[in-house]
Amino acid sequence: MKTNKFGVTLRIVTVFFLMAAFHPATTAVLKAQSSTSELSNLDADLTPEQLKDLLATTCESSRLPALWAGRFFNDERPAIVAAAGTRKWETEDLAEADDKVHLGSCTKAMTAAIIGQLCTEDKLRLDTTLGEVFEDTPLVKDSDWGSVTMEQLLQHRSGAIANFWIYQSFDQSNPDSAVAARGALLHALCRKTRPRAPQFVYSNVGYIVLGHVAEHLEGKPWEQLVAERVFRPLGMESAGFGPVGRPDGTADDVVSLPDRPWGHTPEVGLLAAMASVFGKPTKPGFTPRQIDNSRCLGPAGRVHMNLRDWSKFVMAFASKDGNRKLGISGKVWKQLLTPPSGSDSEQAYAGGWMVFDKPEYNGRAFFHNGSNTTWYCYALAIPGKNACVLVATNVFNDPARKACDEVARFINKSIEP
């Protein structure tokens, strides 16, 4: 926390090691929220102009820099994508529908897909243990973690901690290799005592380990694997890593490239905070930033791309033949996307998604959200409607989350089965 010399200004501190990948807030999907009249008027004939107006209204009412949203199908129905607001706070650089957005934890499903591919290729099984993968590494094989399976990691039930205190320490110790940094993280985990009866713990660490398993088996960095196995086959040409405004994936707070959005962190003045307590909220301020998670965190939350390209991946989970698009067998696909039996609604996690059944989705649906603390995004794949909904904003705070959740919910209402 920072204060000026009079001690009257408070600034929210960004904690990247903690929020690298946001725990999916299932209650935001499962519980209805209040709506504006503009939102309630959405229907199946929704046009890009109407969606843009909706986003502009929501940006204004929720006090956000910008919003991006899209409704996509896997049939003849046309996709609708729109954006409103500004790429950078207090500028006239308007957001556009094809801007890149940061996916945060929605990266996890891509890492899970790679694991599914490796299982299909008989290079791995979902019940393969870390000890089997790293059989030549006694620190892993002989530790408490040697018996952890791929499935347990995929479902956040391995006992792995949610986060390490400072991920950057792994990067700094291995400045020339993200693979080595992830290996160091695995070794650090294996020095810890594993819980005797692991429970559900949403774990960025677990998905970093999964990424490193793929690296170890294939002899390539995770970044190369996801590009070769997911981005290129699906034609996701806008996909990249790190801050949206930086092509080289660095995580420095630097001047952005032109025509790319900035992430933002909120600033709250003491007087404004006091006014809000008494029901008189004031216009917020934001600090534009081009920063991102540690390189080590790639498999858990460091991808960016535009909504159209993102939909090519998400639609695989809303399609009957989605597994084929990703090169995963039907048997592995079913196992990959099946949560442990008896899971409650907030722990039904599998294959990089929260999985649940709701009448409004005509059955099973897949949900995830994500944040690198300067962005927030939302993904919903709906097999029963052969559709998906994507929403993103270039700031992370509670109004941002609520706005994205509400926009997504009402876009879903506009989709006919």
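**Exercise 1. Determine how helix 5 and helix 11 are oriented to each other.**

Solution. Helix 5 and helix 11 are oblique to each other; angles under 35 degrees count as roughly parallel, over 145 as roughly antiparallel, 65 to 115 as roughly perpendicular and the rest as oblique. The model is predicted: local features need pLDDT of at least 70, side-chain atom pairs count only at pLDDT 80 or more, and totals for chains, interfaces and linings use all residues. Residues are numbered from 1 along each chain as its sequence is written, and side-chain values use heavy atoms, without hydrogens and water.

Step 1. Helix 5 covers residues 108-120 and helix 11 residues 204-218; they pack at about 40 degrees, with axes 10 Å apart. Axes are lines fitted to C-alpha atoms, for helices over the stretch in contact, and angles run from 0 to 180 degrees between N-to-C directions. Helices (H or I, at least four residues) and strands (E, at least two) are DSSP runs, numbered from the N terminus.

Step 2. Helix 5 contributes Lys108, Thr111, Ala112, Ile114, Ile115 and Leu118 to the contact, including heavy atoms within 4.5 Å. Among the residues on the helix 11 side are Tyr207, Leu210 and Ala214.

**Exercise 2. State the strand order of the open sheet of 7 strands and identify its edges.**

Solution. Step 1. The order is 3-2-13-12-11-10-9, with antiparallel pairing; two strands pair if DSSP finds at least two bridges between them.

Step 2. Strand 3 (80-85) and strand 9 (349-350) are the edges; each has a single partner strand, so one side of each lacks a neighbour in the sheet.

Step 3. Within this sheet, strand 2 (residues 66-73) and strand 13 (residues 387-393) run antiparallel and are joined by 7 bridges. Leu67 has Thr393 of strand 13 as its bridge partner.

Step 4. Helix 4 (residues 48-62) lies across strand 2 and strand 3, at about 30 degrees to strand 3.

**Exercise 3. Describe the open sheet of 3 strands.**

Solution. Step 1. Its order is 4-8-5, and the pairing is antiparallel.

Step 2. Strand 5 is joined to strand 8 (residues 303-306) by 2 bridges, and Phe241 stands opposite Val303 in strand 8.

**Exercise 4. Locate Glu90 and decide whether it is buried or exposed.**

Solution. Step 1. Glu90 belongs to the loop between strand 3 and strand 4.

Step 2. Its relative accessible area is 71%, so Glu90 is exposed; buried means under 20%, exposed over 50%, partly exposed in between (1.4 Å probe, protein chains only).

Step 3. Phi of Glu90 is positive, near 60 degrees, in a residue other than glycine. Most residues other than glycine have a negative phi.
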